[in-house]
Amino acid sequence: YVASLLIDRGHDCRILNWYDMHGKTGTMKQELVEHTPDLVGISILHANRCGGIDIARISKSLFPDVPVV
C-alpha cells in the first residue's frame, strides 16, 4: 500500500520480496547497492521478523544515513 501511494505521487519505488533470503546476504547487499535507496521500508510479519531485522542491519551497514522504517 505504501509503495503504491508513493508511485502514484511520482516516486520511484522498488518492491523486493526477500522472504526466505536466509544465507543470501551477498544478494541483498548487491541489490541495495544497485538501487542506492533514499529510504528502506520493511514489512515484518510474525514469520519473517528475524529476516526483517537482518535486512535492516544490512541496510544500515551499507547506508548509515538512510532511514529504515
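**Exercise 1. Work out which secondary structure elements this predicted model contains and how compact the chain is.**

*Step 1.* Begin by counting elements: the protein chain has 3 helices and 0 strands.

*Step 2.* Put them in sequence order, and the pattern reads α-α-α.

*Step 3.* Now compare the radius of gyration with the globule rule. The chain comes to 12 Å, close to the 11 Å that the rule gives for 69 residues, so the chain is as compact as a globular protein of that length.

*Step 4.* For the outer dimensions, take the principal axes: the C-alpha atoms fill a box of roughly 35 × 25 × 20 Å.

**Exercise 2. Find the residues of the largest nonpolar core, and say which helices supply at least two of them.**

*Step 1.* Start with the members. This core has 8 residues: Trp18, Met28, Leu32, Val40, Ile55, Ile58, Phe63 and Val66.

*Step 2.* Next, map them onto the helices. At least two core residues come from α2 (25–35), and at least two come from α3 (49–62).

*Step 3.* Zoom in on Ile55. Setting aside residues up to four places away in sequence, Ile55 touches Trp18, Met28 and Ile42.

*Step 4.* Place this in a wider setting: in soluble globular proteins, nonpolar side chains tend to be buried together. In this chain, 20% of the 69 residues count as buried.

**Exercise 3. Describe the surroundings of Leu16: where does Leu16 sit, and which residues does Leu16 contact?**

*Step 1.* Locate Leu16 in the loop between α1 (2–8) and α2.

*Step 2.* Check its exposure. The relative accessible area of Leu16 is 35%, which lies between the 20% and 50% cut-offs, so Leu16 is partly exposed.

*Step 3.* List its partners. Beyond the neighbours within four places in sequence, Leu16 is in contact with Glu31 and His35.

*Step 4.* Look further along the chain: Ile42 is 26 residues from Leu16 in sequence, yet their C-alpha atoms are 9.7 Å apart in space.

**Exercise 4. Explain what stands out in the backbone at Thr36.**

*Step 1.* Recall the usual case: most residues other than glycine have a negative phi.

*Step 2.* Read the value here. Thr36 is not a glycine, but its phi is positive, at about 40 degrees.

*Step 3.* Add the setting: Thr36 belongs to the loop between α2 and α3, and with a relative accessible area of 48% this residue is partly exposed.

**Exercise 5. Summarise the surface and the charges of the chain.**

*Step 1.* Take the area: about 5500 Å² is exposed, and carbon and sulfur atoms supply 55% of this area.

*Step 2.* Count the charged side chains, 7 positive and 8 negative; the centres of the two sets lie 7 Å apart.

Technical notes:
Residues numbered from 1 in each chain as written. Predicted model: local features only at pLDDT ≥ 70, side-chain atom pairs only at ≥ 80, totals over all residues. Heavy atoms only, no water. Core = buried A, V, L, I, M, F, W, Y, C linked by side-chain atoms within 4.5 Å. Buried < 20%, exposed > 50% of the residue type's maximum accessible area, 1.4 Å probe, protein only. Helix = DSSP H or I, 4+ residues; strand = E, 2+ residues; numbered from the N terminus. Contact = heavy atoms within 4.5 Å. Rg over C-alpha atoms; globule rule 2.2 N^0.38 Å. Areas by Shrake-Rupley, 256 points an atom, 1.4 Å probe, with all protein chains shown as cover. Lys, Arg positive; Asp, Glu negative; His and termini not counted. Charge placed at Lys NZ, Arg CZ, Asp CG, Glu CD.
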